[in-house]
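User: Hey, can you walk me through this structure? I'm new to this, so plain words please.
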Amino acid sequence: MRKSFWLSVLAYLVPTFPLGYFWHLVTFADRYHRLEMYRDDVIIPLGLASMVIQALVFAWAYPRLFPSTRMPWQRGAFGFACIFGVMAWSFAVLPVAAKYRMTSVQDFMVLETAFTVLQFAVVSPLIALAHRLGEGKSAAAVSA
């Protein structure tokens, strides 16, 4: 595997795990608790396993969809955020709101939509830069 692949995996995992942990279990824990939809004993290893799978798929897909030889990293980051952010939202927000019991579907959708937007605003540029830097592009080329 290329260096850019593993840098991309880290670019997704390193911010996503703490962001998800603090968002769901610390910062907005009371709001999620009021939704009455999450278990009291959250199984963190399952959430981490999900993130690892996502990181591996995203790291594999990024250079195939957004080759750094044909576009600036900013454009690749924006495209990645649009495609995979919307996809993640459609997997994690819509079906959960449709199927799970909760006290407020609207509150859940607002919280999770905000989380997804923040998550992809953070990880998309990091993944784009990881691929650019991992392929040996200079710092000057990255800033272009």
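Analyst: Sure, one term to start with: buried means under 20% relative accessible area, exposed means over 50%, and partly exposed is in between, with a 1.4 Å probe and protein chains only. By that rule, buried residues make up 38% of the 144 residues in the protein. This is a predicted model, where local features need pLDDT of at least 70 and side-chain atom pairs count only at pLDDT 80 or more, while totals for chains, interfaces and linings use all residues. Residues are numbered from 1 along each chain as its sequence is written, and side-chain values use heavy atoms, with hydrogens and water left out.

User: How many helices and strands are there in the protein?
Analyst: Seven helices and zero strands. Both kinds are DSSP runs numbered from the N terminus: helices are H or I with at least four residues, strands are E with at least two. Along the sequence the pattern reads α-α-α-α-α-α-α, and the C-alpha trace spans about 50 × 25 × 20 Å along its principal axes.

User: What share of the contacts comes from residues 24 or more positions apart?
Analyst: Among contacts with a separation of 6 or more, those residues account for 73%. Contact here means heavy atoms within 4.5 Å.

User: OK, helix 6. Why does its end-to-end distance agree with its 30 residues?
Analyst: The expected span of a helix is 1.5 Å times one less than its number of residues. For helix 6 (residues 105-134) that gives 44 Å, and the end C-alpha atoms are 41 Å apart, which agrees. After helix 6 comes Gly136, with a positive phi near 85°.

User: Glu112 is in that helix. Buried or exposed?
Analyst: Glu112 counts as buried, because its relative accessibility is 7%. Leaving out residues up to four places away in sequence, Glu112 touches His24, Tyr32, Tyr38 and Val93. Glu112 and Ala97 are 15 residues apart in sequence, and their C-alpha atoms are 9.9 Å apart in space.

User: Switching topic: how many aromatic pairs are there?
Analyst: A search of the whole structure finds 14. Take Tyr12 and Phe58: their ring centres are 5.1 Å apart and their planes sit at 80°, so the pair is edge-to-face. Tyr12 lies in helix 1 and Phe58 in helix 3 (residues 44-65), so this pair ties together parts that are 46 residues apart in sequence. As for the rule, rings of Phe, Tyr and Trp (its six-membered ring) pair if their centres lie within 6.5 Å; planes under 30 degrees apart are stacked, over 60 edge-to-face, and the rest tilted.

User: Which residues do ring pairs link into a cluster?
Analyst: Tyr12, Phe58, Tyr62, Phe66, Phe80, Phe84 and Phe120. Tyr12 and Phe58 are both buried.

User: And Ser4, what is it in contact with?
Analyst: Ser4 is found in helix 1 and counts as buried, at 3% relative accessibility. Setting aside neighbours within four places in sequence, Ser4 is in contact with Ala130, His131, Gly134 and Glu135.

User: Last one: where does the largest share of the nonpolar patch come from?
Analyst: Helix 1 (residues 3-27) supplies four of its residues. Leu25 is found in helix 1 and is partly exposed, with a relative accessible area of 34%.
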